[in-house]
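Q: Can you walk me through this predicted model, one feature at a time?

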Amino acid sequence: MIETQLETLPLVVTVWHQPDCGHCEEFLPRLNEIAARYSSCVPTALLDATQNEDLSDALSIEATPTVIVLRLGRTIKRFDRGLNATEREQLYASGGAACSR
């Protein structure tokens with residue numbers, strides 16, 4: 001399952017969204033642009049909260065978009081909202097310092 005995969009990754013950015021979320025529709029394309037640049041060293045998992053209810057409940061996802069950075073399955077950063085451009089860039093740059101873009 002997805003939980004097992006998330007627990008084994010050294011670092012992963014999980015982005016929780018819902019199909020009917022207007023904020024998500026605005027946020028995801030901007031995040032995907034940055035995520036693509038760091039994809040070789042900082043994976044991103046786009047997770048639909050309506051399709052992964054058990055995991056979203058376990059992580060207390062109450063609103064979308066929610067961004068959670070996990071290291072070996074443990075939360076190291078959490079944003080219960082979308083991120084502005086600077087925050088998005090810093091999020092990936094901090095985890096991808098060893099990444100050659």
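Q: Let us begin with strand pairing. Which residue in β3 is the bridge partner of V15?

A: In this predicted model, V15 pairs with V67 of β3. Take the next step along the ladder: V13 has V69 as its bridge partner in β3. In total, 5 bridges join β1 to β3, and the two strands run antiparallel.

Q: V67 sits in β3. What is the bridge partner of V67 in β4?

A: F79 is the partner of V67 in β4. Further along, L70 stands opposite T75 of β4. Strand β3 (residues 66-71) and β4 are joined by 5 bridges and run antiparallel.

Q: What happens in the hairpin of β3 and β4?

A: The hairpin has 2 residues between the strands. Look at the backbone there: L72 takes a positive phi near 50°.

Q: In which sense do β1 and β2 pair?

A: Parallel, over 5 bridges. One of the pairs to look for is W16 with its bridge partner L47 in β2.

Q: Now the whole sheet. What is the order of the strands?

A: The order is β2-β1-β3-β4. These 4 strands form an open sheet, and the pairing is mixed. The edge strands are β2 and β4 (74-79), each pairing on one side only. From one strand to the next, the twist averages 25°.

Q: Where does helix α2 lie?

A: Helix α2 (residues 22-37) lies across β1 (12-17), β2 and β3. Its direction is about 165° to β1.

Q: Which hand does the unit of β1, α2 and β2 have?

A: Right-handed: β1, α2 and β2 make a β-α-β unit of that hand.

Q: Next, burial. Why is β1 described as largely enclosed by the rest of the structure?

A: Count its buried residues, with buried meaning under 20% relative accessible area. In β1, 6 of the 6 residues are buried, so the strand is largely enclosed by the rest of the structure.

Q: Which residues of β1 are on each side?

A: Sort them by face. V12, T14 and W16 are on one side, while V13, V15 and H17 are on the other. Both faces are covered, and these residues are all buried.

Q: How many residues of β3 are buried?

A: In β3, 5 of the 6 residues are buried, so to speak of the strand as mostly covered is fair.

Q: Pick a single residue in β3. Is T66 buried or exposed?

A: T66 is found in strand β3. T66 is buried, because its relative accessible area is 0%.

Q: Which backbone oxygen does the side chain of T66 reach?

A: The side chain of T66 reaches the backbone oxygen of A63, at 2.5 Å.

Q: Which residues is T66 in contact with, leaving aside its neighbours within four places in sequence?

A: T14, V15 and W16 are among them. The list also includes I61, R78, F79 and D80.

Q: Last, confidence. How is pLDDT distributed in the protein chain?

A: Start with the average, then go element by element. The chain averages a pLDDT of 87, and 92% of the residues score at least 70. Confidence is lowest in helix α1 (residues 2-8), at a mean of 80. It is highest in strand β2 (residues 44-48), at 95.

Methods:
Residues are numbered from 1 along each chain as its sequence is written. Side-chain values use heavy atoms; hydrogens and water are left out. pLDDT is the predictor's confidence in each residue, from 0 to 100. Two strands pair if DSSP finds at least two bridges between them. Axes are lines fitted to C-alpha atoms, for helices over the stretch in contact, and angles run from 0 to 180 degrees between N-to-C directions. Contact means heavy atoms within 4.5 Å. Buried means under 20% relative accessible area, exposed over 50%, partly exposed in between (1.4 Å probe, protein chains only). A polar contact is a pair of N or O atoms within 3.5 Å; within protein, one must be able to donate a hydrogen and the other to accept it, and residues adjacent in sequence count only if both atoms are side-chain atoms. A crossover is right-handed if, with the strands pointing away from the viewer, the path from the first strand over the helix to the second runs clockwise.
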